[in-house]
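Trainee: Got a minute to go through this one with me? I'd like to start at a single spot and work outwards.
Mentor: Fine, put it on the screen.

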Amino acid sequence: MTTRPGAAPQRSHARSNRARILATAREELSRNPEANLEEIARAAGVVRRTLYGHFPNRQALIAALAEEAAQSLEEAFTSVRQSDAAPATALARKTLAVRAVGDRYRMLIALGRRDLGEEGIRAALAPVRAEATAILERGQREGVFSDHLPAPVLAQALESLTLTLIEAQDPSSWHDPTGDATALAVLIAAGLTPAAARTCLRSARAELDNSPGPAD
């Protein structure tokens, strides 16, 4: 098939515009959750027609940000996943990964409920919940996590706890810049004693801090 001259540069330009609009939307909506599409287009340096060509309405833009966040979560999970990790360590690493991504997309928690609805949020987090459930099931079988709740229910409860702690970030009152406090709370809620949770978190944090980066 013959490619029409100029088609590839145009597609590249469109992808660049879309990425710039999404990055700008993330920043503008973090500052002002009520920012409208015209304000976001202006901040991104594109005309309204360009923005509407990619995102015909606010819901479409929020949905695209949610998809971008889900992809970032999967990439974060891939970077911290270890097939032979103990369940508690795996849960700690996963929570730290979620916390790091969630900090960048914090505005989506409230906006998603309003613009996508609870079902939209649940769908976006489905891969996260599935992996958490698998970790919890393994930990319950090994006696590491409490088993007073079925693993899928416990995973949903820990998901709500994590989202609440991400949303509660406020440098003037309570702030968790490393995510360690969030991971500690999740481990304790999963059934570890505070002392065991701290030991597990120190180990997981040391492994992550000493792991080779992408360029190594």
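Trainee: Which residue follows α8, and what is the sign of its phi?
Mentor: Gly 143 follows α8, and its phi is positive, near 75 degrees. Keep in mind that this is a predicted model.

Trainee: And α8 itself, how far apart are its end C-alpha atoms?
Mentor: They are 23 Å apart. Helix α8 covers residues 126-141, and its 16 residues should span 22 Å at 1.5 Å a residue, so the two values agree.

Trainee: Which residues in α8 are buried?
Mentor: Val 128, Arg 129, Ala 132, Thr 133, Ile 135, Leu 136, Gly 139 and Gln 140 are.

Trainee: Let me pick on Arg 129. What is its relative accessibility?
Mentor: The value for Arg 129 is 13%. The cut-off for buried is under 20%, so Arg 129 counts as buried.

Trainee: What is Arg 129 in contact with, leaving aside neighbours within four places in sequence?
Mentor: Arg 122, Ala 155 and Glu 159.

Trainee: Is Arg 15 buried or exposed?
Mentor: Exposed, at 54% relative accessibility. Arg 15 is found in helix α1, residues 7-31.

Trainee: How far is Arg 15 from Arg 99 in space?
Mentor: C-alpha to C-alpha, they are 28 Å apart, with their positions 84 residues apart in sequence.

Trainee: Zooming out, how many helices and strands does the protein chain have?
Mentor: There are 11 helices and zero strands. Of the 216 residues, 40% count as buried. The C-alpha atoms fill a box of roughly 60 × 40 × 30 Å along the principal axes.

Trainee: What share of the contacts comes from residues 24 or more positions apart?
Mentor: Such pairs account for 66% of the contacts with a separation of 6 or more.

Trainee: Now α11. Which of its residues are buried?
Mentor: Ala 197, Cys 200, Leu 201, Ala 204 and Leu 208. Down the axis of α11, the buried residues fall within an arc of 100 degrees, so they line one face of the helix.

Trainee: Why would spacing like that put residues on one face?
Mentor: An α-helix has 3.6 residues a turn, so residues three or four places apart point the same way.

Trainee: What's exposed on the other side of α11?
Mentor: Ala 195, Arg 202, Asp 209 and Asn 210.

Trainee: And what do the buried residues of α11 pack against?
Mentor: Three helices: α4 (58-80), α5 (87-104) and α10 (180-190).

Trainee: Take α4 and α5, then. At what angle do the axes cross?
Mentor: Roughly 145 degrees, and the axes come within 9 Å. The crossing of α4 past α5 is right-handed.

Trainee: Which residues meet there?
Mentor: From α4, Ala 69, Ser 72, Leu 73, Ala 76, Phe 77, Ser 79 and Val 80. They meet Arg 93, Lys 94, Ala 97, Val 98, Val 101 and Arg 104 in α5. By class, the contact of α4 with α5 has eight nonpolar, two polar and three charged residues.

Trainee: One more in α5: is Thr 95 buried or exposed?
Mentor: Buried, with a relative accessible area of 3%. Beyond its neighbours within four places in sequence, Thr 95 is in contact with Thr 182, Ala 183 and Val 186.

Note on methods
Residues are numbered from 1 along each chain as its sequence is written. This is a predicted model: local features need pLDDT of at least 70, side-chain atom pairs count only at pLDDT 80 or more; totals for chains, interfaces and linings use all residues. Side-chain values use heavy atoms; hydrogens and water are left out. Buried means under 20% relative accessible area, exposed over 50%, partly exposed in between (1.4 Å probe, protein chains only). Helices (H or I, at least four residues) and strands (E, at least two) are DSSP runs, numbered from the N terminus. The arc is that of the directions from the helix axis to the C-beta atoms. Contact means heavy atoms within 4.5 Å. Axes are lines fitted to C-alpha atoms, for helices over the stretch in contact, and angles run from 0 to 180 degrees between N-to-C directions. A crossing is left-handed if the near helix is turned anticlockwise from the far one by less than a right angle, and right-handed if clockwise. Ala, Val, Leu, Ile, Met, Phe, Trp, Tyr, Cys and Pro count as nonpolar, Asp, Glu, Lys and Arg as charged, and the others, Gly among them, as polar. The expected span of a helix is 1.5 Å times one less than its number of residues.
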